[in-house]
Amino acid sequence: MWFQDLFPPNTCPINAKTNTFYGIMFDAGSTGTRIHIYTFVQKSPEILPELEGEIFESVKPGLSAYADEPEKGAESVKRLLDMAIDAVPPHLWKKTPVVLKATAGLRLLSEEKAQALLSEVKEVFEASPFLVPEDSVSIMDGSYEGILAWITVNFLTGQLSGQNQHTVGTLDLGGASTQITFLPRFEETLKESPRDFLTSFEMFNSTYQLYTHSYLGFGLKAARLATLGALNMEAADGQMFRSSCLPKQLEAEWHFGGVKYRYGGNKKDVPLWLIPSVFVLAGETGFKPCYLEVLKVVKGKLHQPDEIRGSSFYAFSYYYDRAADTNLIDYEQGGVLEVRDFERKAKEVCDNMERFSSASPFLCMDLTYITALLKEGFGFRDNTLLKLTKKVNNIETSWTLGATFHLLQSLGITY
Ligand SMILES: Nc1ccn([C@@H]2O[C@H](COP(=O)(O)OP(=O)(O)O)[C@@H](O)[C@H]2O)c(=O)n1
Ligand SMILES: [Ca+2]
């Protein structure tokens with residue numbers, strides 16, 4: 001039903017013979033690049049087109065890892081685009097739009113490096129047989145990222161059609177940024193929120209006034225660097241960053257956003273000035289000192305709308321991955337958790353790091369950060385419900401579907 005009024009009957013984007021059409025959306029995230037090829041079907045002229053399915057594929061690392069070799073970055077996009085050549089029938093290539101939107105990874109690069117990557121990707125698109133709209137390759141504004149994910153989730157759960165709309169809020173935790181989006185019900189929220197946290201958005205013939213914000217630098221991987229005291233330190237090569245959230249004896253290297261970082265555990269004999277928090281003692285590890293370290297990354301840094309304390313939210317990306325990694329939810333099915341479940345698991349992992357040493361050395365830090373972000377960052381209650389979802393009806397819960405609707409709407413494509 002979502003196409004209602006989007007396309008007047010005589011301009012409906014369908015091929016009369018095959019009645020199927022496509023949209024290709026790339027998500028250039030900070031940790032990987034993904035292609036979403038959506039198929040829409042017009043079953044009969046009287047009813048509106050339906051979303052029939054999605055082909056999804058991803059590659060790692062993300063475009064920002066190719067900051068110094070943009071052609072290679074574009075090559076990774078080309079390999080994914082080749083899938084669309086196989087998936088879309090040749091007679092529809094010219095009518096199928098292809099768009100790439102980059103998120104926090106590229107937002108954090110210098111303008112020059114980001115533009116070099118985008119223009120290489122644009123060349124790949126231009127050389128393809130698909131429809132390349134104006135502005136087809138860009139860095140997406142953070143507020144759109146939240147809005148479009150909200151549209152996707154509420155569309156897939158059937159909340160954007162019909163009269164009784166009970167929309168749900170969404171939480172996305174990326175590598176470099178994190179988004180919170182919901183439809184405020186209370187007048188207070190509209191009055192008390194900073195102006196730029198409220199946006200009107202039109203979709204499917206309705207206008208939604210949403211609360212949304214993207215916090216750059218508060219994604220899971222950026223938060224690791226912030227906890228280690230290494231965020232925005234381009235010249236970090238060589239320096240060792242230590243934390244009580246890491247296994248004591250650990251010493252290793254990590255590449256993120258084209259920079260190499262050395263990090264390690266909180267050994268007994270390290271000088272005090274190398275420990276990131278004044279409240280943490282040399283040699284200490286575990287949940288308590290870790291929470292203190294992580295707290296200074298989030299405390300007082302995020303806006304806390306009162307109204308969210310009592311509501312439930314859909315959560316995906318790293319919320320989902322870390323919950324699945326620690327068996328809080330089933331990897332395929334997802335599940336429903338309370339905020340306190342993340343805290344319980346963070347304690348279990350951080351206070352028994354040897355037992356979890358085969359998993360990522362950052363597991364304790366990640367779970368502790370998620371706990372602190374939810375409780376001290378957004379101000380959720382211990383019993384706030386989170387519905388962890390990767391797919392609904394076999395479609396990814398990603399901002400890319402909302403972006404594709406928006407794209408088709410703005411193009412007014414005629415076939
Ligand atoms: N279609 C997608 C895209 C990202 N993700 C997850 O999103 C997280 C990484 O976020 P990202 O690379 O998009 O980073 P940002 O650019 O959003 O900060 C990982 O947990 C991915 O598994 C996902 O689960 N499904
Ligand atoms: Ca993302």
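These notes cover the domains, the ligand shell, one annotated residue and one helix of a predicted model.

1. Domain layout. The protein chain splits into domain 1 (9-140) and domain 2 (142-396). Their centres, taken over C-alpha atoms, are 27 Å apart.

2. Contact between the domains. Domain 1 puts 17 residues in contact with 13 residues of domain 2. On the domain 1 side, β3 (50-59) and α2 each supply at least two of the residues that touch domain 2. By class, that side of domain 1 holds 7 nonpolar, 7 polar and 3 charged residues.

3. Ligand 1: who surrounds it. There are 21 residues around ligand 1. Gly29, Ser30, Thr31, Gly174 and Ser317 come nearest. Two elements, α2 (104-107) and α8 (318-325), give two or more residues each to the shell. Note that α2 turns up twice: in the shell around ligand 1 and on the side of domain 1 that touches domain 2.

4. Ligand 1: make-up of the shell. Which domains supply the residues around ligand 1? Domain 1 (9-140) and domain 2 (142-396) each contribute at least three. The class count is 3 nonpolar, 13 polar and 5 charged residues.

5. Glu145: annotation and place. UniProt lists Glu145 under "active site", in an unreviewed entry. The residue belongs to helix α4 (residues 142-156).

6. Glu145: surroundings. Is Glu145 buried or exposed? It counts as buried, because 27 C-beta neighbours lie inside 10 Å and the cut-off is 20 or more. Leaving aside residues up to four places away in sequence, Glu145 touches Thr103, Met140, Gln179, Ser214 and Trp399.

7. Helix α1: length. Helix α1 runs over residues 70-87, 18 residues in total. From first C-alpha to last it reaches 26 Å. That is close to the 26 Å expected at 1.5 Å a residue.

8. Helix α1: buried residues. Which residues of α1 are buried? They are Pro70, Gly73, Ala74, Ser76, Val77, Leu80, Leu81 and Ala84. An α-helix has 3.6 residues a turn, so residues three or four places apart point the same way. The list can be read with that in mind.

9. Helix α1: packing partners. The buried residues of α1 pack against four strands and a helix: β1 (20-28), β2 (33-41), β3, β4 (98-102) and α3 (111-126). Strand β3 therefore appears in two settings, if contact is taken as C-beta atoms within 7 Å: against the buried residues of α1, and on the side of domain 1 that touches domain 2.

Key
Residues numbered from 1 in each chain as written. Chains lettered and ligands numbered in written order. Predicted model: local features only at pLDDT ≥ 70, side-chain atom pairs only at ≥ 80, totals over all residues. UniProt positions renumbered as here; feature names shortened; annotations may be inferred. Buried ≥ 20, exposed ≤ 12 C-beta atoms within 10 Å, placed from the backbone. Near = placed C-beta within 6 Å. Nonpolar A, V, L, I, M, F, W, Y, C, P; charged D, E, K, R; others polar. Domains from an automatic or database assignment. Expected span 1.5 Å × (residues − 1).
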